[in-house]
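This report describes the spaces in a protein model and the surroundings of its ligand. Please keep the structure in view while reading.

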Amino acid sequence: MKIAVIGLGFVGLTLSSVLASRGITTIGIDSDRKKCSKIAKGIPTFFEPNLEKTLKKALKKKLIITNKLYSINNCDFIFITVGTPEKKNGEIDLSFIKEVVRSVGKLISKNKKKPIILIKSTVIPGTMKNVVLPILERNSKKKAGKDFGLISNPEFLQESRAIHDTIKPHVVVLGGYRTKFMKKTEKFFSRFNPNVPIIITNHQTAEMIKYAHNTFLATKISFINQIANICQGIPDTNIDDVANAMGLDPRIGNLFLNAGPGYGGSCLPKDIKAIINLSSKLGVNPTLLTAVEKINKQQISHIVTLVKQNIGKINGKKLTILGVAFKPGTDDIRGSVSIDLVKRLLKLGAKITIHDPKALENARKIFHDNTKYVKSVPSALKDCQCAIIMTQWKDYERINNKIIKQMAKKFIIDTRRVLYNKNLDAKYYAIGLGQKI
Ligand SMILES: NC(=O)c1ccc[n+]([C@@H]2O[C@H](COP(=O)([O-])OP(=O)(O)OC[C@H]3O[C@@H](n4cnc5c(N)ncnc54)[C@H](O)[C@@H]3O)[C@@H](O)[C@H]2O)c1
């Protein structure tokens, strides 16, 4: 068996590394030459636990990295994992998908093999039927379901546990017609992800399943953030105890109930925008989802207000941002609320120092010389007038009074409550905690 994976980002590089490390001949393809040469040397282009190890094993075994799309020739499965970012109006940008699908169509027109093309990228419901399928058939002059298979296969991995989720996802969703291609794909996944439920449905439903997942997760986060803000107004109330108790109810579940500065990342913000956009076009008022987005934006405004209330005018003040990765365990800053916060504070004239154990280089690509980048927590806090903990890195649990002593003004905003149990010689605000009586 030979498999091609087109687009070696978070999803594609993880998938191709896992496939080849299991001994399946895999061609990893990316249009970015520099990315390809780094990956071919065993160097991942982003940080993800266990990825480097898996990639190196894969390269030793069965992984070939190339920027030549024609390498898909004679592959049994072709996974498409290119990005689907948002346009300025919130609509999904399908240009990468369209470009790849056009080229794949032309290439398979000469193919004797009948490949199965799987779209892993998140695409808005209707994309497979109305966009991908017609482009493929037009360019290949072949028929889907007869000459090649076309299957929606949305990806659910979480960054910081991408390898784990690729090996053991909670579900495999396969959308398309029930053809021999679907049977072959089902067989493949039952071996690749043994004991994982496989849901077979049509294209549109598969596409919708992915959006329903992500919008629900965003809803959970905005819900708990709203409750956290209410808790903050009630003396001695603790959002984590509220969330832990709720999480024990099997109808609710304990994940994504961690109050904080709002959801970010490369998926939730863009996916919720895309579904709001689609919903409006369909004439369905997306009342709940619009509120979810609004609450998310308000979290950052709350933090800015809190800073102003405590240090007065922000202009010229030295502020430290602890954590810019959108979550711990990754260096990804795409859609990070911490990055938005830095932008807002810079506009207000703040002098910003950034600390992050993994994402400093990515932050530097955005802010260049407009902020300071510091590798140690004590140095980051030295002489600052306010420190804001944004990402739940373990490093911040080690902040103590010796480090705080070095701050010019002892004021900490802890959006993740990592220092909640410590007796700190500092003015301390945490999202979701009512002031101590
Ligand atoms: N990152 C996640 O956690 C995650 C989780 C689930 C689903 N998804 C979805 O999966 C898709 C991919 O996400 P990602 O984060 O891996 O994206 P990414 O931006 O990290 O990677 C996409 C890759 O595709 C490459 N590419 C673009 N055009 C190409 C072309 N014509 N030929 C070959 N390569 C090309 C880019 O160079 C890039 O390396 C998106 O639709 C995303 O919404 C992402």
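The lining of the second largest pocket consists of 7 nonpolar, 5 polar and 3 charged residues. In this predicted model, that pocket holds about 320 Å³ of space. It is lined by 15 residues, of which Y420, Y428, L433, G434 and K436 are the closest to its centre.

Enclosed spaces are considered next. Rolling a probe the size of a water molecule over the atoms shows where empty space is left. The model has 3 cavities of 30 Å³ or more. The largest cavity contains about 120 Å³ of space. Among its 15 lining residues, K120, E155, P169, V172 and N193 are the closest to its centre. Helix α6 (162–167), strand β7 (172–175) and helix α7 (180–192) are the elements that each give two or more residues to this lining.

The second largest cavity has a volume of about 50 Å³. Its lining is made up of I119, S121, T122, V123, M128, S152, P154, E207 and K210.

The table sets out the classes of residue in the linings and in the shell around the ligand.

| Site | Nonpolar | Polar | Charged |
|---|---|---|---|
| Second largest pocket, lining | 7 residues | 5 residues | 3 residues |
| Largest cavity, lining | 9 residues | 3 residues | 3 residues |
| Second largest cavity, lining | 4 residues | 3 residues | 2 residues |
| Ligand, shell | 9 residues | 9 residues | 9 residues |

Which residues come nearest to the ligand? Of the 27 residues around the ligand, these are D30, K35, T84, E159 and K270. Three of the side chains can be followed atom by atom. In D30, a polar side-chain atom lies 2.6 Å from an oxygen atom of the ligand. The side chain of T84 likewise has an N or O atom 2.6 Å from a ligand oxygen. For E159, the partner is a nitrogen atom of the ligand, which lies 2.9 Å from a polar side-chain atom of this residue. On its own the ligand has 840 Å² of accessible area, and the protein covers 88% of this area.

Two elements, α1 (10–21) and α4 (95–108), give two or more residues to the shell around the ligand. Of these, α4 gives the most, with 3 residues.

Helix α2 spans residues 33–40. At its start, a side-chain oxygen of D32 comes to within 3.1 Å of the backbone nitrogen of K34. After α2 comes G42, which has a positive phi, near 90 degrees.

Terms used
Residues are numbered from 1 along each chain as its sequence is written. This is a predicted model: local features need pLDDT of at least 70, side-chain atom pairs count only at pLDDT 80 or more; totals for chains, interfaces and linings use all residues. Side-chain values use heavy atoms; hydrogens and water are left out. A residue is near a molecule or strand if one of its heavy atoms lies within 4 Å of it. A polar contact is a pair of N or O atoms within 3.5 Å; within protein, one must be able to donate a hydrogen and the other to accept it, and residues adjacent in sequence count only if both atoms are side-chain atoms. Accessible areas come from the Shrake-Rupley method with a 1.4 Å probe; for residues, only the protein chains shown count as cover. Helices (H or I, at least four residues) and strands (E, at least two) are DSSP runs, numbered from the N terminus. Ala, Val, Leu, Ile, Met, Phe, Trp, Tyr, Cys and Pro count as nonpolar, Asp, Glu, Lys and Arg as charged, and the others, Gly among them, as polar. On a 1 Å grid over the protein atoms alone, a cavity is a set of points where a 1.4 Å probe fits but cannot get out, and a pocket is an open set with protein on both sides within 12 Å along at least five of seven lines; lining residues have an atom within 4 Å of a point. Grid points are joined across faces, edges and corners, and a volume is the space filled by probe spheres set on the points.
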